[in-house]
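Dear colleague,

Please find below the structure for your work, followed by an account of what was found in it. I would be grateful if you would read the notes alongside the coordinates.

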Amino acid sequence: MTFKKNILCIGGGYVGGSTMAMIAHKCPHYKVTVVDINPTRIAEWNSNNLPIYEPGLDKIVISTRGKNLFFTTDIERGIKEAEIIFVSVNTPVKTFGAGAGMAADLQYWEKTARQILECSESSKIIVEKSTFPVRTAFAMERILSLNENNIHFDVLSNPEFLAEGTAIKDLEYPDRVLIGSRETPSGVKARNELIEIYANWVPKDRIITSNIWSSELSKLVANAFLAQRISSINSFTAFCEKSEADINEVARAIGMDSRLGDKFLNPSIGWGGSCFKKDIFNLVYLCRHYGLDEVANYWEAVVNINEYQKERFVRTMLSAMFNTLAGKKICLFGFAFKANTGDTRESPAIFIATKLIDERAELVITDPKALNNARIDLNGINGTVSYSEDPYEAADGCDAIAVVTEWEVYKDLDFKKIFQSMVKPAFIFDGRNILNHKQLFDIGFNVFPIGKPALTHF
Ligand code: NAD
Ligand code: UGA
């Protein structure tokens with residue numbers, strides 16, 4: 001079969017794998033190849049056991065793989081063959097040198113840009129899919145212009161807005177697709193080629209364009225706003241606990257204001273995930289770089305409230321359980337940073353588990369999809385931790401349960417049975433407010449929701 005175009009994606013992670021699977025699924029006339037430096041990841045993409053859990057992803061990978069979707073470690077060949085290259089490598093926070101702990105670590109990105117330069121034999125469109133600091137495209141253009149073979153590269157910014165757990169729905173019905181480009185004739189031509197790909201399934205009015213820097217900045221600002229909204233609602237949970245207001249009632253009341261909307265108002269133990277913190281730190285770093293300290297401090301506070309919220313959850317557990325957790329057995333319901341994913345990157349569960357171990361509690365962790373990652377995250381921790389896929393088995397003999405991830409399955413458990421198997425007094429700390437608190441109290445639990453008065457028997 002001859003294909004209309006060859007698309008390459010460098011970086012086969014959560015974003016690269018899922019976005020390319022969707023493009024392959026919606027555009028059978030394009031050949032889509034995903035390359036990665038990690039051979040295990042590529043082998044998993046080629047197996048029945050995909051490297052990430054994402055509802056609906058396996059179905060589209062299986063239906064396209066080997067037809068117009070390919071996974072390989074042959075990066076050089078991939079670059080040579082491609083007309084359009086998406087760059088979807090990881091952009092973690094720098095852990096060393098200037099900007100350590102704040103700035104984006106661009107080593108993976110720069111290696112990729114240099115490899116594209118070395119291997120290219122023809123002109124190409126380079127699409128920034130990863131979340132990059134503002135003006136990264138400029139640096140990429142400069143590296144790519146070092147070629148001596150008269151090859152032309154157009155760099156576009158096309159940030160990804162999918163959320164894990166709903167990635168396939170987000171990709172199939174995106175709120176918007178954003179493409180940033182230069183307004184030069186070749187920049188506009190490149191932009192139109194990318195629009196043509198998305199137009200195979202995304203309505204035209206949802207494909208928006210901007211200059212490159214606005215596009216890069218919009219991605220960081222979108223994540224900062226989303227995280228800010230959760231930090232904002234979470235900041236009032238402590239207030240509610242003190243004043244006997246109910247955070248869910250407050251969230252409902254403000255969410256019905258159409259100017260505010262009702263999404264992203266679920267109170268929690270704090271937001272996690274691989275991106276919010278790193279992207280806000282990246283923004284804060286850029287603000288300081290431009291001398292905008294007040295703006296930097298404003299956004300840094302969003303992260304500070306999140307740290308406070310995680311700490312507050314553990315402090316509530318400690319004080320409720322008579323100020324000592326030593327030797328007590330605590331079961332964590334969930335370890336993933338949110339439901340419907342096995343991803344534990346920056347999961348609040350890691351912080352909570354570590355703090356509970358510091359208090360010498362024994363931990364039992366249960367999660368439908370994240371136990372392998374939990375084992376890796378807690379490997380070498382100095383304390384007693386065990387794992388069970390079965391929540392009943394996990395809670396058996398425990399003094400307390402802490403709901404860390406909002407998995408649906410936890411709502412329908414037989415809590416009478418669980419209560420009977422636990423040490424008394426039995427505690428539930430619902431870090432996601434997903435359980436029926438009154439019912440749990442009537443069963444005999446001491447119940448500590450987030451942002452609502454506790455229901456206790458003493
Ligand atoms: P990831 O760590 O899951 O995947 C990145 C992949 O790139 C890894 O498999 C790694 O081996 C590979 N890689 C690194 N350097 C490479 C190189 N030189 N050549 C080939 N492969 C290389 O990361 P991710 O979660 O997919 O995120 C990728 C980017 O997308 C980040 O910038 C992130 O901020 C952004 N993003 C992520 C999400 C999300 O939900 N995870 C959503 C939107 C945007
Ligand atoms: C987030 C954004 O939603 C995506 O648009 C973005 O593309 C992505 O980051 C990224 O750049 O990586 P993601 O982190 O996958 O997606 O998941 P979210 O649904 O945003 O949840 C993030 C965290 O906030 C989770 O820990 C979740 O439990 C928490 N959360 C979310 C709350 O505590 N309350 C809410 O109301 C919503």
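At 1.5 Å a residue, the 13 residues of helix α5 should span 18 Å, and the end C-alpha atoms of α5 are indeed 18 Å apart, so expectation and model agree. Please bear in mind throughout that this is a predicted model.

Helix α5 has two sides that can be told apart by burial. W109, T112, A113 and I116 of α5 are buried. Viewed down the axis of α5, these buried residues fall within an arc of 100°, and therefore they line one face of the helix. Q107 and E118, on the other side of α5, are exposed. The cover over the buried residues of α5 includes the strands β1 (5–10), β4 (84–87) and β5 (124–128), together with the helices α4 (75–81) and α6.

The packing of α5 against α6 can be described in further detail. The axes of α5 (residues 107–119) and α6 (residues 136–144) come within 9 Å and cross at roughly 35°. The crossing in which α5 passes α6 is right-handed. On the α5 side the contact is made by W109, A113, R114, I116 and L117, and on the α6 side by T136, M140, I143 and L144. By class, the residues of this contact divide into seven nonpolar, one polar and one charged. W109, A113 and I116 thus appear both among the buried residues of α5 and in the contact with α6.

A second helix pair is formed by α9 (residues 212–235) and α12 (residues 276–289), which pack at an angle of about 115° with their axes 9 Å apart. Here α9 passes α12 in a left-handed crossing. From α9, the residues L220, N223, A224 and A227 meet F276, D279, I280, N282 and L283 of α12. The contact of α9 with α12 has six nonpolar, two polar and one charged residues.

Several points of backbone geometry may also be of interest to you. Which residues are joined by a cis peptide bond with omega of about -5°? The bond in question joins K424 and P425. P425 is found in the loop between α17 (415–421) and β13 (427–430).

Two asparagines have a positive phi. For N150, a residue other than glycine, phi is near 60°. N150 lies in the loop between α6 and β6 (153–157). For N433, which is likewise not a glycine, phi is positive at about 50°. The loop that holds N433 runs between β13 and α18 (437–443).

Is each of these asparagines buried or exposed? N150 has 6 other C-beta atoms within 10 Å; a residue with 12 or fewer counts as exposed, and N150 is therefore exposed. N433 has 20 other C-beta atoms within 10 Å; since 20 or more counts as buried, N433 is buried.

The cut-off for exposure also bears on K189, which is found in helix α8 (residues 185–198). With 12 other C-beta atoms within 10 Å, K189 is exposed, because 12 or fewer is the criterion. Lastly, K189 and N46 are 143 residues apart along the chain, and their C-alpha atoms are separated by 34 Å.

Yours sincerely

Note on methods:
Residues numbered from 1 in each chain as written. Chains lettered and ligands numbered in written order. Predicted model: local features only at pLDDT ≥ 70, side-chain atom pairs only at ≥ 80, totals over all residues. Axes fitted to C-alpha atoms, helices over the stretch in contact; angles between N-to-C directions. Helix = DSSP H or I, 4+ residues; strand = E, 2+ residues; numbered from the N terminus. Left-handed = near helix turned anticlockwise from the far one by under 90°. Contact = placed C-beta atoms within 7 Å. Nonpolar A, V, L, I, M, F, W, Y, C, P; charged D, E, K, R; others polar. Expected span 1.5 Å × (residues − 1). Arc of directions from axis to C-beta.
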